[in-house]
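Open the model in your viewer and keep the selection panel at hand. We will go from stop to stop.

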There are 2 protein chains.
Amino acid sequence: MTILVSEVGPRDGLQSIKRPMPTEAKIRWIQALAAAGLREIEVGSFVNPKLLPQMADAPEVVAAARQIPGLTVLALAPNLKGVQRAAEAGAHKITMPVSASEAHSKANINMTCEQALAEVGRACRFRDGLPAGQRPEVEIGISTAFGCTIQGLVSEDWVIEMAVRLAREGADSVGLSDGVGYGNPAQVKRLFRRLHAELGDKAGGAHLHNTRGQGLANVVAALEVGVTTFDASQGGIGGCPYSPGATGNIVTEDLVWMLEAMGLDTGVDLDKLADARTVLEEALPAEPIYGYLPDVGAEKGFRYAARGPAPEGTGKAERGTPACEVVA
Amino acid sequence: MTILVSEVGPRDGLQSIKRPMPTEAKIRWIQALAAAGLREIEVGSFVNPKLLPQMADAPEVVAAARQIPGLTVLALAPNLKGVQRAAEAGAHKITMPVSASEAHSKANINMTCEQALAEVGRACRFRDGLPAGQRPEVEIGISTAFGCTIQGLVSEDWVIEMAVRLAREGADSVGLSDGVGYGNPAQVKRLFRRLHAELGDKAGGAHLHNTRGQGLANVVAALEVGVTTFDASQGGIGGCPYSPGATGNIVTEDLVWMLEAMGLDTGVDLDKLADARTVLEEALPAEPIYGYLPDVGAEKGFRYAARGPAPEGTGKAERGTPACEVVA
């Protein structure tokens, strides 16, 4: 079985880091990520550059990423205007965040939930009017689907109702997003099961954070009910700037290791992923970068799902640390 | 549904920390853990005190722990002699580690797998000969059940065969242990499903490490196939001394949060668990202590499975950090 790991570091990660990464470094990092086998990368955000100067170079980054053979270039756009700019830049796929929490929707994109639903409709109609061959896919991530830091609980019925309406508005897929790390495995299973039942093949992927250490646990729960696309960011960058101990997105390295060890083919090479991590570390020397696998490497006996046995320490930048012993 | 979280920090955690924790501090920590609602605690190890001076006070610690009402006092013993000492000290339950890896068995307890199986038989017969009311339960954790740092792959058929033979030798329960963090969720599901099929109600719990960030993911996998007992250590202490980034056991705080959020009753209070963490931190000021929940607390809207709603920040020693916002 094949799983799509959608790398969101260059967007979700970098937008939460105040100091912009130079455009040239972003492009080198994206190239290294693609070289590691990541087939889809969210490369930037078409928001107001005054609000997020880190993302001001999104058009150049999209253009450069489009030169990478076989890569699906994804960009985020919060509204019609952003979708128009992202389409013009040549993004293959555009993701629009829509909040299930009314309070979060207003705080995040200054729209009510109803206004955001209507905006998605407008964006899809704009997309439908583009010439054939230039129409990006529109993918929605319903954010705060598992709870909201402002309003707390979010109605699961409302999340599913939104998903159905978003699909009707023309979205190609609708996934569920836990950008604040509120979700737990029981909830993830329940909501994705309902999403699949209602949306069929328009049911999208999972965007999960690791705020309470539960990120990969939620992945396992989502796999149980048929989710096959997972967002992740290299080094777990992105997430909450106010909680120092709280990593953000699930860590691409750890996710890829776990999926491959489970026999699920990601197409990603862990050693080349470690090379990409070096590019990231050199470009952002002062930023904390997370992940377990990069410290310890793959275990003795590790096999890639499709490619078979790999050496011990696979995925670790510097191999050779002694193996760990247990004492009775 | 009820889950038993078996706290192993005072044994598995402290044995891997060179500087012994003073007996008095151990007892205060164990009391604080029990006050938080942990109903079973592995309080020490009856090994040769020359090899592990950290555990030399096991008899005193067992005696003190027995004074705590309602607590099941668990101790580790690697061989018959240790079992005799643990029983004499008054442990309610004795856990014997038996390695499925021949190489690890020799390195860890200086016995072949066959010798270890026979030793369990001798220990169970010794236990059966004790006066009624003084017979401790004998619980086995099959270590390296998911792979071994020395020999790599371990045969799953052999793990299950050992489990069956250990039950026949008289063990009350046989669980599976991943003390090196090699296990992945697919493997955990597969092995525990087989264990349950073969052993029925003698199938024991899961001892999982978080070496590759997969600890809670493996818990979810184990829950899927009916495992209801999980070892964990406060602050994730214990594990591999050679890999600085590699935490050891799954973190009690994160596990309890996840289970409760999933609607599974652990009986543990996260705020009192934070108090116990303070005791640990003060007793071991120089040691790294892990966990996500202690940094961020429970989410807005969090409910205990059995006791209902709890305030935001539950489980966090210092509340009040601003909630995290997401940016479009």
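The tour below visits a strand pair, a core, a buried serine and a helix pair in this predicted model.

**Stop 1: the strands.** Select strand β2 of chain A, residues 40-45, and strand β3 of chain A, residues 72-76. The two run parallel, joined by 5 bridges. Find A:G44; opposite stands A:A75 of β3(A). Now colour β3(A) by accessibility. Of its 5 residues, 4 are buried, so the strand is largely enclosed by the rest of the structure.

**Stop 2: the core.** Which residues have the most contacts inside the largest nonpolar core? Select A:I142 and B:I142. That core has 212 residues. Stay on A:I142 and show its neighbours. Leaving aside residues up to four places away in sequence, A:I142 touches, among others, A:V98, A:A100, A:V174 and A:L176. Its contacts also include A:V159, A:M162, A:A163 and A:L166.

**Stop 3: a serine in chain B.** Go to B:S177, in strand β6 of chain B, residues 173-178. Is B:S177 buried or exposed? Its relative accessible area is 9%, under the 20% cut-off, so B:S177 is buried. Beyond four places in sequence, B:S177 touches B:H207 and the residues B:G141, B:I142, B:S143, B:T144, B:A145 and B:F146.

**Stop 4: the helix pair.** Select α7(A), residues 156-168, and α8(A), residues 185-199. Their axes lie 10 Å apart, at an angle of about 35°. The crossing is right-handed. Show side chains at the contact: α7(A) contributes A:V159, A:I160 and A:A163, among others, and α8(A) contributes residues including A:R190, A:L191 and A:L195. By class, the contact has 8 nonpolar, 5 charged and 1 polar residues.

Key: Residues numbered from 1 in each chain as written. Chains lettered and ligands numbered in written order. Predicted model: local features only at pLDDT ≥ 70, side-chain atom pairs only at ≥ 80, totals over all residues. Heavy atoms only, no water. Axes fitted to C-alpha atoms, helices over the stretch in contact; angles between N-to-C directions. Left-handed = near helix turned anticlockwise from the far one by under 90°. Contact = heavy atoms within 4.5 Å. Nonpolar A, V, L, I, M, F, W, Y, C, P; charged D, E, K, R; others polar. Core = buried A, V, L, I, M, F, W, Y, C linked by side-chain atoms within 4.5 Å. Buried < 20%, exposed > 50% of the residue type's maximum accessible area, 1.4 Å probe, protein only. Pairing = 2+ DSSP bridges.
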